[in-house]
Amino acid sequence: MKNIAIFASGSGSDMQSVIDGVKDGRIDGKVKLIITNKNGIYAIERAKLENIPCKTFTLKQYGSHAVRDMAILKELKDNGIDLVVLAGYLSIVTPVIVNEYERRIINIHPSLIPRHCGVGYYGIKVHESVIASGDKVSGATVHFVDSGADTGEIIEQVKVEVLSDDTPESLQKRVLEKEHILLPNVVAKLCREEIK
């Protein structure tokens, strides 16, 4: 059984999909820790509802990403974390954590990488970019995290058709539904060590 930490910056719906996967037995792991970079977000409420310890590390507290990540890394080690899942975590993760968790830290991104990804592509901005480009297909990607922005090795992707009458919001909603299936499935495979 793997000890999992989930990093979140918003409502935590992707985070919830992993928690639910653990609860219903699809994932042979335990969500031991939730890490956030913002106060007052719904992900913190979800953690409370699920009785999962949650710690918030704001950039303001620590002054730099690297110093903050050193504090986060200590928390991960203190909790014996085996796998780190970035689930809507809108902050830079520095080599302090990435190097320590090489091939044990993953991210979900709401497009088919290498399209519509990298610095500045997050949340609704991704779906605005997809529609503006005229792409007929979008989707979601789970990838290993490296020192770049959305540049790590792709693990799995799921496609979502872009409809002629889609708005960024309607596309986001359909992609998110697929994310909630894709992410726990990948986490389950990593916990079973089916992905090397």
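**Arginine 46, salt bridges and the sheet**

Trainee: Which residues does Arg 46 touch, leaving aside those up to four places away in sequence?

Mentor: In this predicted model, Arg 46 touches Ser 11, Gly 12, Ser 13, Met 15 and Gln 16. Arg 46 itself is found in helix H2, residues 42–49.

Trainee: Why is Arg 46 said to have no salt bridge?

Mentor: The nearest side chain of opposite charge, Asp 20, is 6.8 Å away. A salt bridge requires the side-chain nitrogen and the carboxyl oxygen to be within 4 Å, so the pair does not qualify. Arg 46 is nevertheless buried.

Trainee: What makes the approach of Ser 11 to the side chain of Arg 46 a polar contact?

Mentor: The backbone oxygen of Ser 11 lies 2.6 Å from a polar atom of that side chain. The limit for such a contact is 3.5 Å, and the distance of 2.6 Å therefore falls within it.

Trainee: Why do Glu 45 and Lys 48 count as a salt bridge?

Mentor: Their side chains meet with N and O at 3.6 Å, and the cut-off is within 4 Å, so the pair qualifies. The two residues are 3 apart in helix H2, which means a separation of about one helical turn.

Trainee: Why is Lys 48 called exposed or buried?

Mentor: Lys 48 has 54% relative accessibility; exposed means over 50%, so Lys 48 is exposed. Glu 45, at 35%, counts as partly exposed.

Trainee: How is Asp 166 classified, and why?

Mentor: Asp 166 has 10% relative accessibility. Buried means under 20%, so Asp 166 is buried. Asp 166 forms a salt bridge with Arg 174, with the closest N and O atoms 2.8 Å apart. Arg 174, at 23%, counts as partly exposed.

Trainee: How many salt bridges does a search of the whole structure find?

Mentor: The search finds 14. Among them, Glu 177 and Lys 173 meet at 3.8 Å, N to O. Both lie in helix H7, residues 168–191, 4 residues apart, about one turn of the helix. In addition, Asp 20, Lys 23 and Glu 50 are joined into one network by salt bridges that share partners.

Trainee: In what order do the strands of the open sheet stand?

Mentor: The 7 strands run S3-S2-S1-S4-S5-S6-S7, with mixed pairing.

Trainee: Why are S3 and S7 placed at the edges?

Mentor: Strand S3 (54–56) and strand S7 (154–161) each have a single partner strand, so one side of each lacks a neighbour in the sheet.

Trainee: What makes S6 and S7 a pair?

Mentor: Pairing needs at least two bridges, and these strands share 7 in the antiparallel sense, so they pair.

Note on methods. Residues numbered from 1 in each chain as written. Predicted model: local features only at pLDDT ≥ 70, side-chain atom pairs only at ≥ 80, totals over all residues. Heavy atoms only, no water. Buried < 20%, exposed > 50% of the residue type's maximum accessible area, 1.4 Å probe, protein only. Lys, Arg positive; Asp, Glu negative; His and termini not counted. Polar contact = N/O pair within 3.5 Å; in protein donor to acceptor, adjacent residues only side chain to side chain. Contact = heavy atoms within 4.5 Å.
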